[in-house]
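Please open the structure in your viewer and keep the sequence beside it. The tour below goes from one selection to the next and says what is there at each stop.

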Amino acid sequence: MAAPSGGVNCEEFAEFQELLKVMRTIDDRIVHELNTTVPTASFAGKIDASQTCKQLYESLMEAHASRDRVIKNCIAQTSSVVKQLREEREKNLDDLTLLKQLRKEQTKLKWMQSELNVEEVVNDRSWKIHMLLITTCCCCLVASVVPNSV
């Protein structure tokens, strides 16, 4: 699933996480997708398995790129807020509300950065399952289409 066209709300971490959860649906359902993509022996002649594998591959690539953009965009936005709050904090060291807000934004930034690690694990799992399908079912893709990171 691609990122919503209306933009992403990076201010609320819970909304950010919920969006990623929805965007990771294709990866969560990868085994089901592959099971419905690969034809059984009786349907092998009626379905172009290589085309369906290629389409699934392209869907995964699009989903992974879209999530990467969302995560990195939110990290950039939150980093900017943290930088601004640090500058304000340096000018007003006695403002405890500002310090609290700075700590909150720093924590949110760390959580968003940790989503990059989660994304790496999710993507790796999906590519391994996809590659298993290719090798097991002889779903012939052009070598240039197979990801190098697997």
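Select E105 to begin: in this predicted model, its relative accessibility is 11%, and E105 therefore counts as buried, the cut-off being under 20%. Add K108 to the selection, and you will see that K108 forms a salt bridge with E105, with 3.2 Å between the closest N and O atoms. K108 is buried as well, with a relative accessible area of 8%, and because the two residues are three apart in helix α5, about one helical turn separates K108 from E105.

Next, select R24, D27, R67, E115 and E119 together, since salt bridges that share partners join these residues into one network. Within that group, look closely at E119 and R67, whose side chains meet in a salt bridge with an N to O distance of 2.5 Å. This pair links distant parts of the chain, with E119 in helix α5 and R67 in helix α4, 52 residues apart, and both E119 and R67 are buried.

Stay with helix α4 and select K72 and D68, another pair whose side chains meet in a salt bridge, here at 3.3 Å from N to O. K72 and D68 are four residues apart in helix α4, so about one helical turn lies between them. How exposed are K72, at 45% relative accessibility, and D68, at 28%? K72 counts as partly exposed, and D68 is partly exposed too. By the rule used here, the count of salt bridges comes to seven, and side chains of opposite charge can pair in this way when their charged atoms come close.

Now turn to the cysteines and select C10 and C74, which are joined by a disulfide with an S to S distance of 1.9 Å. The angle about the S-S bond is -70°, and the link of C10 and C74 is left-handed. This pair, too, links distant parts of the chain: C10 is in the segment before α1 (13-23), while C74 is in helix α4 (residues 49-91), and the two are 64 residues apart. C10 and C74 are both buried, and a search of the whole structure finds one disulfide.

Keep C74 selected and add F16, L20, V70, I71, I75 and M112, for these are the residues with the most contacts inside the largest nonpolar core, which has 16 residues. The elements that give two or more residues to this core are α1, α4 and α5 (96-137), and the largest share, six residues, comes from α4. For a second, separate core, select I30, L34, L56 and Y57, which are among its ten residues. In soluble globular proteins, nonpolar side chains tend to be buried together.

Finally, colour the chain by confidence, so that you can judge how far to trust each stop. The protein chain averages a pLDDT of 82, and 76% of the residues score at least 70. Which helix has the lowest confidence, and which the highest? The lowest mean, 74, is in helix α3 (residues 30-37), and the highest, 94, is in α1. As a last selection, take residues 138-150, where the pLDDT is below 50, although in the model this stretch has 21 contacts beyond near neighbours in sequence.

Methods
Residues are numbered from 1 along each chain as its sequence is written. This is a predicted model: local features need pLDDT of at least 70, side-chain atom pairs count only at pLDDT 80 or more; totals for chains, interfaces and linings use all residues. Side-chain values use heavy atoms; hydrogens and water are left out. A disulfide is a pair of cysteine sulfur atoms within 2.5 Å. Buried means under 20% relative accessible area, exposed over 50%, partly exposed in between (1.4 Å probe, protein chains only). A nonpolar core is a set of buried Ala, Val, Leu, Ile, Met, Phe, Trp, Tyr and Cys residues joined through side-chain atoms within 4.5 Å. A salt bridge is a side-chain nitrogen of Lys or Arg within 4 Å of a carboxyl oxygen of Asp or Glu. pLDDT is the predictor's confidence in each residue, from 0 to 100. Contact means heavy atoms within 4.5 Å.
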